[in-house]
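I'm opening a fresh page for this one. Here is what I'm looking at before I start poking around.

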Amino acid sequence: MKTGRLTLIGDAPTDTRSEFAADLEEGLLAAPKRISCRWFYDERGSRIFEEICELDEYYPTRAEAEILRARSPRIVELVGNDVICVELGSGHAIKTRLLIDAFFETAANLLYLSVDISPSAIQAGARGLLEAHEGLSVIGIVGEYRRGFEWMASNAEEKKLVLWLGSSIGNLDRSGGAAFLREIRRHMTRDDHLLMGIDLRKDKRTLEAAYDDSAGVTARFNLNVLARINAEFGGNFELDAFAHEALYEDEAGRVVINLVSLRDQRVRIADLDLDLALSEGERIHTEDSYKYSATEIDELAARSGFERVEHWTDEREQFALELFRPSVRA
Ligand code: AVI
């Protein structure tokens, strides 16, 4: 691996530990109890998420890849081949490869900035990309999205294509999603573009199968957050005393994901000096995954200061890829 073209910039893990602790203290003492899905992604959680992306039932990854495969040349034509690609939450950058390959059809050089909380995912993704393209340089930023925004702010004069793939917006509620897009918008100039994947509303059966797969991978992903609390904060959650649950609420357009206590039980989290009582059937809410209609995507863009350049769906119309640019009025 040509490490010369990969620069890895680290984050301070202590920042996130204290945020995790504060979040647990607040969420586990609330009614109903909750743990933010932000904490799913330790090294093990990130690995299980990669497994989810390979599942037959979890269509979003394949649908988004299908669109990227078909449309990347058009995307490069629209944004130009002289941009810096900044990817928020890149993971192993498997789908990004489709776009980067298209850039190299006409460009000799490209800078790709990969922001992710998993250093091993950044390194694994960069390795494949660097081997494929001599002219590629990768900056890996290990940390939360805000680290990527800081980089964007200090490189405002560069023309950028911001990538926010995988329908990550779905894990924010609708106003949180619009607020986050406004935050991205704040760090962009009029010449920049945003390429965003959004999962579309669809039937309950498909959605519940995608979030409660038959091999139990998503259940493992959900339960892993309890294992993480045990390991990092001296908790004594018994993982087999909880069940994974994923229910689609059609009106709200979201899959609601919980951990359900299978019996009356007590849990102690020693490092936080937190004692919890859970009754049988009590839920800990861990994640929502919002789905969007075409109208909701239009509203989202308008609320957050973007206008659509073009958009595409996969053949089965399960998933949308949106190319936005900052609107003149914003
Ligand atoms: C990362 N995010 C967009 C995934 C989703 O589809 O909401 C997380 C996930 N949770 C369970 N399965 C996948």
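**How two helices pack**

Helix 7 and helix 10 turn out to be oblique to each other. I got there from the angle at which they pack, about 45°, because angles under 35 degrees would count as roughly parallel and 65 to 115 as roughly perpendicular. My notes put helix 7 at residues 174-186 and helix 10 at residues 294-303, with their axes 9 Å apart. I also checked the handedness: helix 7 passes helix 10 in a right-handed crossing.

Which residues meet there? On the helix 7 side I found Arg-174, Ser-175, Gly-177, Ala-178, Leu-181 and Arg-182, and they meet Glu-296, Leu-300 and Arg-303 of helix 10.

**How far to trust it**

This is a predicted model, so I looked up the confidence too. The protein averages a pLDDT of 95, and 97% of the residues score at least 70. Among the elements, helix 1 (residues 13-29) has the lowest mean pLDDT, 90, while strand 9 (residues 254-261) has the highest, 99.

**A stop at Ser-261**

Next I went to Ser-261, which lies in strand 9. Is Ser-261 buried or exposed? Its relative accessibility is 1%, so I wrote it down as buried, the cut-off being under 20%.

Then I looked at what surrounds it. The side chain of Ser-261 makes a polar contact of 2.8 Å with the side chain of Gln-265. Setting aside neighbours within four places in sequence, I listed Ala-241, Phe-242, Leu-278, Ser-279, Glu-280, Gly-281 and Glu-282 as in contact with Ser-261.

Terms used:
Residues are numbered from 1 along each chain as its sequence is written. This is a predicted model: local features need pLDDT of at least 70, side-chain atom pairs count only at pLDDT 80 or more; totals for chains, interfaces and linings use all residues. Side-chain values use heavy atoms; hydrogens and water are left out. pLDDT is the predictor's confidence in each residue, from 0 to 100. Helices (H or I, at least four residues) and strands (E, at least two) are DSSP runs, numbered from the N terminus. Buried means under 20% relative accessible area, exposed over 50%, partly exposed in between (1.4 Å probe, protein chains only). A polar contact is a pair of N or O atoms within 3.5 Å; within protein, one must be able to donate a hydrogen and the other to accept it, and residues adjacent in sequence count only if both atoms are side-chain atoms. Contact means heavy atoms within 4.5 Å. Axes are lines fitted to C-alpha atoms, for helices over the stretch in contact, and angles run from 0 to 180 degrees between N-to-C directions. Angles under 35 degrees count as roughly parallel, over 145 as roughly antiparallel, 65 to 115 as roughly perpendicular and the rest as oblique. A crossing is left-handed if the near helix is turned anticlockwise from the far one by less than a right angle, and right-handed if clockwise.
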